Amino acid sequence: AAEFDKAALEEPQPTLGKSGKVDYTGCQVWKVSTAKAGAKAVINKLSSDKLIASWGGSESSIDVLIKPKVIENVTTVLKSKDIPYSIMIEDLQQRINEENPPLDENEIELQDRRGHRMTWKQYHRVEDIHGFMDYLAETYPSIISVNTIGKSHEGRDLKVLRISDGKSTNKAVFIDGGIHAREWISPAVVTYLINQFAENFDVETDDIKNIDWYFLPVVNPDGYEYTHNTDRMWRKNRKRYGIGFCYGTDLNRNFGYHWGGKGASSYPCSEIYRGEAAFSEPESKAISNFFATTATKFTAYLTYHSYGQYLLYPWGYDNTLPPDYKELQSVGEEIAESIRKAGGSEYTVGSSSGLLYSAAGGSDDWAKSLGIKYTYTIELSDTGRHGFVLPASYIKPVAKENLAGLRVLAQKVNEA
Ligand code: ARG
Ligand code: ZN
């Protein structure tokens, strides 16, 4: 039986502004301290009353989105309980408007000459990302192939690009991005990594050339497109629950290892809805099928998310650790160190549930359960100044420092 009230499924859909998009004018994002005893309970209550929506948090604070109508109300509650907070974003819509400025004329001209439209100066639509992948496969057929491993709920391709020189002694690494629709920096970074290896493969290091690389930059293309054309803050996929009003499953709660455990919701309107069953969603199912049918043995699985600057290893379903956690911690620290040296960003390393919170059904836990040794969820920049709405000018610096981190991982994979 359903554990939720059916009437609660009849949530009003967001009202769309003149642009046909959800309007975030006057919405604010606050960093609320959770240091004080009882603060978490107050925040949970505000959250279940739908006065605030969580954007994520650390050990000592949580970032929350607040609609203009309830700002006064929330202020009163936090002040009366003596819970400190600071305003990170005064007007979310303004930040959204400035996040992804159009390319200048020179760049547009270049784009038309290059054979693909991808740049790392802008966040691109799925069409540009997939066009870029197809272009690489056509241009470098001896090392690159693109394989559609399934279709999204709305029928978009789930494209995996493989880079390999075909040596039988190679190791293999799988990298994905865009599980969560609004985390735009993730597909941008994954495509940057693809471009780096594809365009420079012959002069790449042996560590890179001795690996068969598999990249799925947009796991959730329907959600990603929806964040571009309708609601910038959408997280889930776009499959509707029954004939109700609520859409979307959190794909990172839908994987089949301890599915339905802690930190996942059975309520279809929730941002962390787990889906009707493990792998009930075509996007997660396609990944599961891919791993079930491939003969390739993977040594690492990386999944890029944002934000918070964390390198997380399993387990996420509960506060318990895999037998090789010490190695995952020390390799994580080496990766973090190389990121810091390359670009200056500080990444915190730890297990998902130890460092953040328990959340069952994540892709990382499932990959680890398959026996893939180096399994990490990488929460990219930043730590909350911009949150999900990270300006496009950050794409290159974030990608570059993470390329340095990936080189350390490649070395460990070769040694494994
Ligand atoms: N921010 C990510 C999420 O909530 C963290 C996932 C970590 N992995 C896990 N299995 N809980 O989906
Ligand atoms: Zn995410």
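Two strands are said to pair if DSSP finds at least two bridges between them, and helices (H or I, at least four residues) and strands (E, at least two) are DSSP runs, numbered from the N terminus. This is a predicted model, in which local features need pLDDT of at least 70 and side-chain atom pairs count only at pLDDT 80 or more, while totals for chains, interfaces and linings use all residues. Residues are numbered from 1 along each chain as its sequence is written, and chains are lettered from A and ligands numbered from 1 in the order in which they are written.

**Exercise 1.** Find how strand E6 pairs with strand E8, and name a residue that stands opposite Phe215.

Solution. Begin with E6 at residues 157-163 and E8 at residues 211-216, which pair in the antiparallel sense over three bridges. Then look along the pair, where Leu161 stands opposite Phe215 in E8.

**Exercise 2.** Give the strand order of the open sheet and identify its edge strands.

Solution. The open sheet has eight strands in the order E5-E6-E8-E7-E9-E12-E10-E11, and its pairing is mixed. The edge strands are E5 (144-151) and E11, each of which pairs on one side only. From one strand to the next, the twist averages 20°.

**Exercise 3.** Describe the surroundings of strand E10, starting from its side chains and ending with its neighbours.

Solution. In E10 (residues 310-313), Tyr310 and Leu312 point one way, Leu311 and Tyr313 point the other way, and all are buried (20 or more other C-beta atoms lie within 10 Å of a buried residue's own, with C-beta atoms placed from the backbone). On one pairing, four bridges join E10 to the parallel strand E11 (residues 348-351), and the bridge partner of Tyr310 there is Thr348. Between these two strands the chain passes through helix H10 (residues 325-343), in a β-α-β crossover that is right-handed (with the strands pointing away from the viewer, the path from the first strand over the helix to the second runs clockwise). E10 also pairs with strand E12 (residues 374-380) in the antiparallel sense over three bridges, and Leu311 has Ile378 as its bridge partner in E12.

**Exercise 4.** Work out how helix H6 packs against helix H13.

Solution. H6 (residues 185-199) and H13 (residues 395-415) pack at an angle of about 60°, with their axes 9 Å apart. That makes H6 oblique to H13 (angles under 35 degrees count as roughly parallel, over 145 as roughly antiparallel, 65 to 115 as roughly perpendicular and the rest as oblique).

Methods
Buried ≥ 20, exposed ≤ 12 C-beta atoms within 10 Å, placed from the backbone. Axes fitted to C-alpha atoms, helices over the stretch in contact; angles between N-to-C directions.
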